[in-house]
Amino acid sequence: MDKDDLNIEAYSRLISVGLLAAGVAHEIANPTAYIKSNTAYLLRNIKALRDMPNLSGDQRNVLAEALEILQENAEGIVRIERLVHELKSYSRPSGTVGPVALADVLESAVILTWNRLKYKADLARDMDTSVVVHADYGKVEEVAVNLLNNAADAMQTRGRITLRVYKRNGFGCFDVQDNGPGIPSDKQARVFEPFFTTKGKSGTGLGLYLCKKIVQEAGGTIKLDSEAGKGAKFTVCIPLADA
Ligand SMILES: Nc1ncnc2c1ncn2[C@@H]1O[C@H](COP(=O)(O)OP(=O)(O)OP(=O)(O)O)[C@@H](O)[C@H]1O
Ligand SMILES: [Mg+2]
């Protein structure tokens, strides 16, 4: 087998893994939904039971333990839901591809993430509103949302996130730059790998992997500039609509 055959084989394997993942995600969504609502029901009722007067110490302890277990289950369910969501978007067919103003996409991504961002950072903008790329609005928004969430997650104290939009060599580009702790050089190559996360249970490690996939499908690039201690800058470039 030559190199091209190997690439084709690897590529078709990736496609079937993607389809399988989307199918599995779909199948998991239903049972997850009823496990979630049943768990919420049990949590409510056992809480009410635990708070009843006239319980013995033993009875109260058993109920308190049951509550802890259910709470842990509830957290697991939230995690499964997030994974299912990420896996579904992995192979979601694209919506409408057309002219998209990058500054508009970034503003709507800011609105979508504002509830978390507002506690973590001040925003600075330097956006050329005339930059229009050829892409799927929803997908580019998903990329910007992922990058903004990552920047917010990275902040250990209140920081600054800078959004830039500009043209470069026939591409429309945007930067999401933060002044958080940055990414050490030995981890930089790994952040775009699927399932690479430093967030333990709360991260899936699919965010940047999906960003890269979306950007590449749009004929663009995503690049990371970072130095430990000096923040991180992600730059996304997509072909201009009128190029
Ligand atoms: N702005 C940033 N500053 C510092 N580290 C970052 C930044 N963005 C990403 N990283 C690192 O890259 C890892 C991978 O990011 P990615 O978005 O793929 O997954 P995640 O954020 O961990 O999980 P999820 O996206 O599901 O919440 C993160 O866990 C973090 O270690
Ligand atoms: Mg992320």
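How many of the 243 residues of the protein chain, as a percentage, count as buried? The share is 25%, and the points below go through the model, which is a predicted one, from its overall make-up to its sheet, its helices and the surroundings of ligand 1.

1. Overall make-up. The secondary structure of the protein chain comes to six helices and seven strands, and these elements follow one another along the sequence in the pattern α-α-β-α-β-β-α-β-β-α-α-β-β. Taken along the principal axes, the box filled by the C-alpha atoms of the protein chain is roughly 75 × 50 × 35 Å.

2. The loop between the helices α1 and α2. Helix α1 covers residues 3–50 and helix α2 covers residues 57–90, and the loop between them holds Asn54. The phi angle of Asn54 is near 65 degrees, which is a positive value in a residue other than glycine. Asn54 is also exposed, since 5 other C-beta atoms lie within 10 Å, and the cut-off for an exposed residue is 12 or fewer.

3. The sheet as a whole. Five strands form an open sheet, and their order across it is β2-β4-β5-β7-β6, with mixed pairing. The edge strands are β2 and β6, the latter spanning residues 221–226, and each of the two pairs on one side only. On average, and with direction ignored, neighbouring strands of this sheet are turned by 15 degrees against each other.

4. The parallel pairing. Strand β2, residues 121–127, runs parallel to strand β4, residues 159–168, and the two are joined by seven bridges. A reader who wishes to find this pairing in the structure can look for Ala124, whose bridge partner in β4 is Thr162.

5. The hairpin of β4 and β5. Strand β5, residues 171–178, pairs with β4 in the antiparallel sense over eight bridges, and the bridge partner of Tyr166 in β5 is Cys173. The two strands form a hairpin with two residues between them. Asn169, which is found in the loop between β4 and β5, has a phi near 50 degrees, again a positive value in a residue other than glycine. Is Asn169 buried or exposed? Asn169 is exposed, with 8 other C-beta atoms within 10 Å.

6. Strand β7 and its pairing with β5. Six of the eight residues of β7, which covers residues 232–239, are buried, so this strand is largely enclosed by the rest of the structure. Eight bridges join β7 to β5, and the two strands run antiparallel; within this pairing, Asp175 has Thr235 of β7 as its bridge partner.

7. The hairpin of β6 and β7. Strand β7 also pairs with β6 in the antiparallel sense, here over six bridges, and Asp225 stands opposite Lys233 in β7. The hairpin formed by β6 and β7 has five residues between the strands, and in its turn Gly229 has a positive phi of about 90 degrees.

8. Helix α6. This helix is mostly covered, as eight of its 11 residues are buried. The buried residues in α6 are Gly207, Leu208, Leu210, Cys211, Lys212, Lys213, Ile214 and Val215, a list in which two lysines, Lys212 and Lys213, appear. After α6 comes Gly219, whose phi is positive and near 80 degrees.

9. The packing of α4 and α6. Which angle do the axes of α4 and α6 make where they cross? The axes come within 9 Å and cross at roughly 150 degrees. Angles over 145 degrees count as roughly antiparallel, and α4 and α6 are therefore roughly antiparallel to each other. The crossing of these two helices is left-handed.

10. The surroundings of ligand 1. There are 20 residues around ligand 1, and those that come nearest are Asn150, Ala154, Thr197, Gly203 and Gly207. The elements that give two or more residues to this shell are α4, residues 137–154, and α6, residues 207–217. Helix α4 provides the largest share of the shell, with four residues. By class, the shell is made up of nine nonpolar, nine polar and two charged residues. Gly207 therefore deserves a second look in the structure: it comes among the nearest residues to ligand 1, and it is one of the buried residues in α6.

Terms used
Residues numbered from 1 in each chain as written. Chains lettered and ligands numbered in written order. Predicted model: local features only at pLDDT ≥ 70, side-chain atom pairs only at ≥ 80, totals over all residues. Pairing = 2+ DSSP bridges. Near = placed C-beta within 6 Å. Nonpolar A, V, L, I, M, F, W, Y, C, P; charged D, E, K, R; others polar. Buried ≥ 20, exposed ≤ 12 C-beta atoms within 10 Å, placed from the backbone. Axes fitted to C-alpha atoms, helices over the stretch in contact; angles between N-to-C directions. Parallel < 35°, antiparallel > 145°, perpendicular 65-115°, else oblique. Left-handed = near helix turned anticlockwise from the far one by under 90°.
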